[in-house]
Amino acid sequence: MRGWAPSGALAANVEITSASVQRGDVLQIGGQPCRVADLFQLPSGAKRLHFESGELLTMHSRTRLVALRMLRGGDPLRAFSPPRHRR
């Protein structure tokens, strides 16, 4: 049996605001990981986040959230799933 081998991609939990959120960031909302697919600028520094799953979230200028961000390529959604073992 082989264990999980890291892919070389580094993931970091970062605090994001409406000014620093990026496409590809993964937020955990309601226990589900959601990846930001698109961003729309709103008045007063707010942004509307459109997730790959179709949901929308409005981040006001004072909103602070924690996101998983990949530092070197890779898939941040993989970080939420347990490692798979080969037989």
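Strands here are DSSP runs of E with at least two residues, and helices are runs of H or I with at least four, both numbered from the N terminus. The model is predicted, so local features need pLDDT of at least 70 and side-chain atom pairs count only at pLDDT 80 or more, while totals for chains, interfaces and linings use all residues. Residues are numbered from 1 along each chain as its sequence is written, and side-chain values use heavy atoms, with hydrogens and water left out.

**Exercise 1. Work out which strands sit at the edges of the sheet.**

Step 1: Start with the inventory. The protein has six strands and zero helices.

Step 2: Put the strands in sheet order. The open sheet runs E1-E6-E2-E3-E4-E5, with antiparallel pairing. Two strands pair if DSSP finds at least two bridges between them.

Step 3: Look at the ends. Strand E1 (11–16) and strand E5 (56–59) each have a single partner strand, so one side of each is left without a neighbour in the sheet.

Step 4: Check one edge. E4 (residues 47–51) and E5 pair in the antiparallel sense over four bridges, and here arginine 48 stands opposite threonine 58 in E5.

**Exercise 2. Find phenylalanine 40 and describe its surroundings.**

Step 1: Locate the residue. Phenylalanine 40 belongs to strand E3 (residues 32–41).

Step 2: Is phenylalanine 40 buried, exposed or partly exposed? Buried means under 20% relative accessible area, exposed over 50%, and partly exposed in between (1.4 Å probe, protein chains only). At 39% relative accessibility, phenylalanine 40 counts as partly exposed.

Step 3: List its contacts, meaning heavy atoms within 4.5 Å. Setting aside neighbours within four places in sequence, phenylalanine 40 touches Ala46, Lys47, Arg48 and His50.

Step 4: Add a distance. The C-alpha atoms of phenylalanine 40 and threonine 58 are separated by 9.3 Å, and these residues are 18 residues apart along the chain.

**Exercise 3. Identify the largest nonpolar core and the elements behind it.**

Step 1: Know what to look for. A nonpolar core is a set of buried Ala, Val, Leu, Ile, Met, Phe, Trp, Tyr and Cys residues joined through side-chain atoms within 4.5 Å.

Step 2: Name the members. The largest such core has 10 residues in all: Ile16, Val21, Leu27, Cys34, Val36, Leu39, Leu49, Phe51, Met59 and Ala67.

Step 3: Which elements give two or more residues to this core? They are E3 and E4, and the largest share, three residues, comes from E3.

Step 4: Zoom in on one member. Beyond neighbours within four places in sequence, the contacts of isoleucine 16 include Val21, Leu27, Met59 and Ala67.
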